[in-house]
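Student: I am new to this structure and would be grateful for a close look at a single part of it. Please take one helix as the starting point and follow its surroundings from there.

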Amino acid sequence: MSKKDKILVLTGAGISADSGLATFRDSGGLWENHAIEDVATPEAFAKDPVLVWTFYKQRYQQALSSEPNQAHIALAKFEEHAGNRFHVITQNVDGLHKKAGNHCLYEMHGSLFRSYCTGCGTKYPMSELEFADHLPHCPKCDMLIRPDIVWFGEIPYFLYEIENLLKKCDVFIIVGTSGSVYPAAGFAMTAKYFGAKTIAVNLDPPDNRTFLDEFYQGKASEILPSLLDSLV
Ligand code: OAD
């Protein structure tokens, strides 16, 4: 690899595991105690907004009190060195890449720190919402406010920008993701098709490993800092 390579990183829940946040599909993960169709679809929100808000408020509180680990910090430091030849795409909604200091960042599944009105689309920071007596409603149009999370059946953010980055990158690194949720799971295939070297850092072999040139098995907080050092 050359030190001028364009590096693109895709992260998933595993990168935040060492910050104390649960992943989705590991043993004890979020989808073990909550069915996706109960808390992570637009239909679930229409049916039981109290349950859905309870789930995301709890995750927001956890994210608020968690700190970036060595893997997030290594990505933020790498951005300082590499500038605009480096971008991070994350499926995570926990805000830890921002907290670590990454700016060239695409939060493709939204953010626990934001919400928006289901009527007029106005965005509100979570910190401004009132939950005291009832669910939050929009001060402008009085419709229900929802978490700014991309649920199953909805279209992720930044797909146009991400496709361009996938076509242009020289090295594509996936970190802490099971490679099982599309479209993100297909990014390694696209990057490889357009000529990038594809690498994974993960505790378990990801489902999309057919499209990987290299796989480093273990904790992101232990492996990623030295992998990125070799690319500075
Ligand atoms: P998953 O829970 O599917 O996968 C997490 C991966 O991280 C697993 O493959 C673990 O082996 C790995 N892992 C766990 N601890 C790790 C560590 N310390 N270091 C490195 N790897 C570790 O989470 P995601 O792939 O992020 O979407 O899930 C993708 C999407 O599915 C999420 O964004 C979410 C979920 O449903 C929505 O909610 C729309």
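**Helix α4 and its surroundings**

Tutor: The model discussed here is predicted. A convenient place to begin is L51, a residue of helix α4. With a relative accessibility of 36%, L51 is classed as partly exposed, because that value falls between the limits of 20% and 50%. Outside its immediate stretch of sequence, L51 is in contact with D38 and V39. D38 stands 13 residues from L51 along the chain, and the C-alpha atoms of these two residues are 8.1 Å apart.

The same helix may next be considered from the interior. The largest nonpolar core comprises 24 residues, and the members that touch the most others are W53, Y56, L112, I145 and W151. Two or more residues each are supplied by α1 (30-33), α3 (42-47), α4 (49-64), β4 (110-117) and β6 (145-149). Of these contributions, that of α4 is the largest, at six residues. L112 shows how such a member is surrounded: leaving aside residues up to four places away in sequence, L112 touches Y56, R59, Y60, A63, V93, D94, M126 and I149. A second core lies apart from the largest one; it has 22 residues, including F86, V88, V171 and I199.

Aromatic residues deserve separate attention. In general, two aromatic rings are described by how far apart their centres are and by the angle between their planes. Eleven aromatic pairs are present in the structure. One of them joins F24 and W31, whose rings are tilted, with a centre-to-centre distance of 5.0 Å and an angle of 40° between the planes. F24 is partly exposed, at 22% relative accessibility, whereas W31 is buried, at 18%. Another pair is formed by Y60 and F113: the ring centres are 5.4 Å apart and the planes meet at 75°, so this pair is edge-to-face. Because Y60 belongs to helix α4 and F113 to strand β4, the pair ties together parts separated by 53 residues in sequence. Y60 counts as buried, with 9% relative accessibility, and F113 counts as partly exposed, with 27%. Beyond such pairs, one aromatic cluster is formed by F24, W31, F45, F55, Y56 and W151. Y56 therefore appears in two descriptions, because it is named both in this cluster and among the core members that touch the most others.

F24 also leads to the ligand. There are 24 residues around the ligand, and those that come nearest are F24, R25, T177, S178 and D204. Three polar approaches can be described individually. A polar side-chain atom of N202 is 2.8 Å from a ligand oxygen atom. A backbone N or O atom of L203 lies 3.2 Å from a nitrogen atom of the ligand. For G176, a backbone N or O atom is found 3.4 Å from an oxygen atom of the ligand.

Helix α7, residues 159-168, may serve as a further example of a helix with buried residues, namely I162, L165 and L166. These three lie on the same side of α7, because they cover an arc of only 100° around the axis. The other side of α7 carries the exposed residues Y160 and K168. The cover over the buried residues of α7 includes β1 (7-11), β2 (86-90), β3 (105-107), β7 (171-175) and α8 (187-193).

How values were computed: Residues numbered from 1 in each chain as written. Predicted model: local features only at pLDDT ≥ 70, side-chain atom pairs only at ≥ 80, totals over all residues. Heavy atoms only, no water. Core = buried A, V, L, I, M, F, W, Y, C linked by side-chain atoms within 4.5 Å. Buried < 20%, exposed > 50% of the residue type's maximum accessible area, 1.4 Å probe, protein only. Helix = DSSP H or I, 4+ residues; strand = E, 2+ residues; numbered from the N terminus. Contact = heavy atoms within 4.5 Å. Phe/Tyr/Trp six-rings, centres within 6.5 Å; stacked < 30°, edge-to-face > 60°. Arc of directions from axis to C-beta. Near = heavy atom within 4 Å. Polar contact = N/O pair within 3.5 Å; in protein donor to acceptor, adjacent residues only side chain to side chain.
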